[in-house]
Amino acid sequence: MDNFRFEEQKVTSLRHKITDDIRKAIFNGQLKPGIRLREIEMSKQMGVSRGPIREALRMLEQEGLLVSQPYKETIVAEITREEVVEVLLPIRNTLEQFAIRKALPNMSGAHYARLEEITADMYEAATKRDIYKLADCDLAFHEYLVGLSDMVNIISTWKSIYNRIRLHFLTQALTYDNLTDVCDEHEELLRVLRQGDIGEISEALTEHIHSVKWNE
């Protein structure tokens, strides 16, 4: 935490504000994987007691963004290749395949137009080399598709892995020489969606989700 300081908190800001500030710092890359979070230091910086900070850390641990062990400091979570390949991507692929099959018959021009808007935002973020905005757009694209399924349990399950997906994306983005490649993948997926062939959609989605690169 040597190069990052939390803002002093106002009296009305408690657990949710603190939780949001820590989450944003992780997603914006200010708190990187492996960094230790010290309650005493955070308490002094924010000007609040350790109670709401401890509650915020517990909530973020449940979201998969932090890791803590008894009698040890809390650290920002890392995401491993094993977790991504063996757990995260298969779950994500299953959820999104099911959601799209449910959503596809009811998708209209307005829905495709919204996906086009998100893709355009992705290109803008890629041009600016803003990987954090690009991550937001990438997830917005897929979350929108999952939401169109109108399946509450599927949407809830997808949201439960949202933060881990985002951490994975931020790691992935660093492996791309040209960030517009990420946008091109979504543009191709949108093209296949428009054609409406569920077999081709399933194949394209699986290829897209599993197109994982790693820094060796």
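Select Cys 137 and show what surrounds it: leaving aside neighbours within four places in sequence, Cys 137 is in contact (heavy atoms within 4.5 Å) with Ile 118, Asp 121 and Met 122. Cys 137 sits in helix H6. Helices (H or I, at least four residues) and strands (E, at least two) are DSSP runs, numbered from the N terminus. With a relative accessible area of 6%, Cys 137 is buried. Buried stands for under 20% relative accessible area, exposed for over 50%, and partly exposed for what lies in between (1.4 Å probe, protein chains only). A distance label from the C-alpha atom of Cys 137 to that of Val 152, 15 residues apart along the chain, reads 22 Å.

The model is a predicted one, in which local features need pLDDT of at least 70 and side-chain atom pairs count only at pLDDT 80 or more, while totals for chains, interfaces and linings use all residues. Residues are numbered from 1 along each chain as its sequence is written, and side-chain values use heavy atoms, with hydrogens and water left out.

**H4 against H6**

Add residues 81-103, helix H4, to residues 131-147, helix H6. The two pack at an angle of about 50°, and their axes are 8 Å apart. Axes here are lines fitted to C-alpha atoms, for helices over the stretch in contact, and angles run from 0 to 180 degrees between N-to-C directions. H4 and H6 are therefore oblique to each other. Angles under 35 degrees count as roughly parallel, over 145 as roughly antiparallel, 65 to 115 as roughly perpendicular and the rest as oblique.

Which residues meet here in H4 and H6? From H4, select Arg 92, Glu 96, Ala 99, Ile 100 and Ala 103; their counterparts in H6 are Asp 138, His 142, Leu 145 and Val 146. The residues of this contact divide into five nonpolar, one polar and three charged. Ala, Val, Leu, Ile, Met, Phe, Trp, Tyr, Cys and Pro count as nonpolar, Asp, Glu, Lys and Arg as charged, and the others, Gly among them, as polar.

**Ile 165**

Keep Arg 92 shown and go to Ile 165, in helix H8 (residues 162-173). Ile 165 is buried at 3% relative accessibility. Not counting residues up to four places away in sequence, Ile 165 touches Leu 88, Arg 92, Leu 139 and Trp 158. The C-alpha atoms of Ile 165 and Leu 88 are separated by 7.4 Å, with their places 77 residues apart along the chain.

**The loops on either side of H6**

Select Arg 129, in the loop between helix H5 (109-127) and H6. Its phi is near 60°, a positive value in a residue other than glycine. Most residues other than glycine have a negative phi. Arg 129 is partly exposed, at 49% relative accessibility.

Then move to Asp 150, in the loop between H6 and helix H7 (152-160). The phi of Asp 150 is near 60°, again positive in a residue that is not glycine. Asp 150 is exposed, with a relative accessible area of 64%.

**H10**

Select residues 198-209, helix H10. Its twelve residues reach 16 Å from first C-alpha to last, close to the 16 Å expected at 1.5 Å a residue. The expected span is 1.5 Å times one less than the number of residues. Colour Ile 201, Ala 204, Leu 205, His 208 and Ile 209, which are buried. They cover an arc of only 125° around the axis, which puts them on the same side of H10. The arc is that of the directions from the helix axis to the C-beta atoms. The buried residues of H10 pack against H4, H6 and helix H9 (180-195). On the other side, Glu 203 and Glu 207 are exposed.

**H3 and H2**

Go to residues 50-62, helix H3. Buried in H3 are Pro 52, Ile 53, Ala 56, Leu 57 and Leu 60. Seen down the axis, these buried residues fall within an arc of 140°, so they line one face of H3. Elements packed against them include helix H1 (15-27), strand S1 (36-37) and helix H2 (39-46). Just after H3, Gly 64 has a positive phi of about 85°.

In H2, select Glu 39, Met 42, Ser 43, Gln 45 and Met 46, its buried residues. What covers them includes H1, S1 and H3. Just after H2, Gly 47 has a positive phi of about 70°.

Finish at His 16 in H1, which counts as exposed at 55% relative accessibility. The C-alpha atoms of His 16 and Ala 56, 40 residues apart along the chain, are separated by 7.1 Å.
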